[in-house]
Amino acid sequence: MLRRLALAAAFSLAAFPALADRVRPVTDPETQAACGECHMAFQPAFLPARSWDRMMGQLSDHFGDNAAMAPDKTERIRKVLMEGAADTGGGKAGSKALRGIGSKDVPLRITELPRFQKKHDRIAEREWKRPEVMSKANCPACHKGAEAGLYDDD
Ligand code: HEC
Ligand code: HEC
């Protein structure tokens, strides 16, 4: 079993040379379920810890939706997100995401970060509006490996 896992890992490394640049995926099942209900569970490395902290404090007013949950669950998920954030456990992807953000800024949208805008500036307005995309936040529409943290696949 272990050997088979190791082999599988070796193969996927060969198939995805970009795996080194992989954005650490959400592995906590509770966070995956709760934050993957309405959209994909975004990787914590895309926002600084202060952003996750604020977002988790206002879930009843979450981008026009009510995403509120029990307080103990909110706290556990807040911890997971803050530990994996751009400025904490987010690794290389995290330092990239922080580029251009002021130390006092508390961005709540990944799609409004300077880094996101820079990487997507060649995408025409009509591409975002395609029925299979609809929102910039719909990462998996264009990045098939988004849930696994793979973004330079196209
Ligand atoms: C009840 C549905 C719902 C749940 C549950 C939910 N969200 Fe959202 N979330 C939304 C909606 C709606 C948007 C706005 C999407 C858009 O603009 O396309 C959004 C947007 C976001 C964005 C900004 C995306 C961007 O534009 O960069 C982040 C980050 C986010 N959610 C994180 C979370 C986290 C973390 C959780 C779990 C604690 C969560 N969401 C749970 C509905 C939800
Ligand atoms: C309409 C399609 C589309 C959507 C939706 C989209 N992207 Fe992208 N993204 C692209 C394309 C195309 C590129 C490649 C740009 C390039 O290679 O220069 C890209 C590049 C990236 C990169 C840089 C990869 C690298 O290392 O070069 C990251 C990170 C990324 N996207 C993250 C996201 C995230 C996170 C979301 C959702 C919040 C998202 N994208 C939504 C099309 C999209």
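**Note on the two ligand sites of the predicted model**

1. In the shell around ligand 1, 15 residues are nonpolar, five are polar and two are charged. This description rests on a predicted model. In total, 22 residues surround ligand 1, and the closest of them are C35, C38, H39, H62 and S135.

2. The protein chain as a whole is helical in its regular elements, with eight helices and zero strands. Buried residues account for 32% of its 154 residues. Of the contacts between residues at least 6 apart in sequence, 57% join residues at least 24 apart.

3. Two helices deserve mention at ligand 1. Both α2 and α3 supply at least two residues of the shell around this ligand. The largest share of that shell comes from α3, with three residues. Helix α2 spans 29-35 and helix α3 spans 49-56.

4. The iron atom of ligand 1 has two protein donors, H39 through NE2 and H62 through NE2, lying 2.0 Å from the metal. These two histidines link distant parts of the chain: H39 sits in the loop between α2 and α3, whereas H62 sits in the loop between α3 and α4 (71-83), and they are 23 residues apart. The arrangement around this iron atom is octahedral because its six donor atoms subtend angles of 87 to 179°. For reference, the ideal angles for six octahedral donors are 90 or 180 degrees.

5. The two donors of ligand 1 fall into separate accessibility classes. H39 has a relative accessibility of 32% and therefore counts as partly exposed. H62 has a relative accessibility of 15%, under the 20% limit, and so counts as buried.

6. Ligand 1 also has polar contacts through its oxygen atoms. A polar side-chain atom of R109 lies 2.7 Å from an oxygen atom of the ligand. For T111, a polar side-chain atom is likewise 2.7 Å from an oxygen atom of ligand 1. At I110 the partner is a polar backbone atom, which is 2.7 Å from an oxygen atom of ligand 1.

7. Around ligand 2 there are 17 residues, of which H120, R122, C139, C142 and H143 are the closest. By class, this shell contains eight nonpolar, four polar and five charged residues. Helices α6 (114-119) and α8 (139-142) each contribute at least two residues to the shell.

8. At the iron atom of ligand 2, the protein donors are H120 (NE2) and H143 (NE2), lying 2.0 Å from the metal. This pair, too, links distant parts of the chain: H120 belongs to the loop between α6 and α7, H143 to the segment after α8, and the two are 23 residues apart. The site is octahedral, with angles of 87 to 179° among its six donor atoms. Both H120 and H143 are buried.

9. The polar contacts of ligand 2 involve side chains of K119, H120 and R122, as follows. An N or O atom in the side chain of R122 is 2.9 Å from an oxygen atom of ligand 2. An N or O atom in the side chain of K119 is 3.4 Å from an oxygen atom of the ligand. In the case of H120, a polar side-chain atom lies 2.8 Å from a nitrogen atom of ligand 2.

10. Q43 merits attention as a buried residue with a polar contact. It is found in the loop between α2 and α3, and it counts as buried because its relative accessible area is 0%, under the 20% limit. A polar atom of the Q43 side chain lies 2.8 Å from the backbone oxygen of A146. Not counting residues up to four places away in sequence, Q43 touches V23, R24, P25, V26, W52, A146, E147, A148, G149 and Y151.

11. V133 is located in the loop between α7 (125-128) and α8. With a relative accessible area of 4%, V133 is buried. Leaving aside neighbours within four places in sequence, V133 is in contact with E127, W128, N138, A141 and C142. Of these contacts, C142 is also among the closest residues to ligand 2.

Definitions and conventions:
Residues numbered from 1 in each chain as written. Chains lettered and ligands numbered in written order. Predicted model: local features only at pLDDT ≥ 70, side-chain atom pairs only at ≥ 80, totals over all residues. Heavy atoms only, no water. Helix = DSSP H or I, 4+ residues; strand = E, 2+ residues; numbered from the N terminus. Buried < 20%, exposed > 50% of the residue type's maximum accessible area, 1.4 Å probe, protein only. Polar contact = N/O pair within 3.5 Å; in protein donor to acceptor, adjacent residues only side chain to side chain. Contact = heavy atoms within 4.5 Å. Near = heavy atom within 4 Å. Nonpolar A, V, L, I, M, F, W, Y, C, P; charged D, E, K, R; others polar. Donors = N, O, S within 2.8 Å, 3.2 Å for Na, K, Ca; no water. Tetrahedral: all angles 85-135°; square planar, octahedral: opposite > 155°, others 65-115°.
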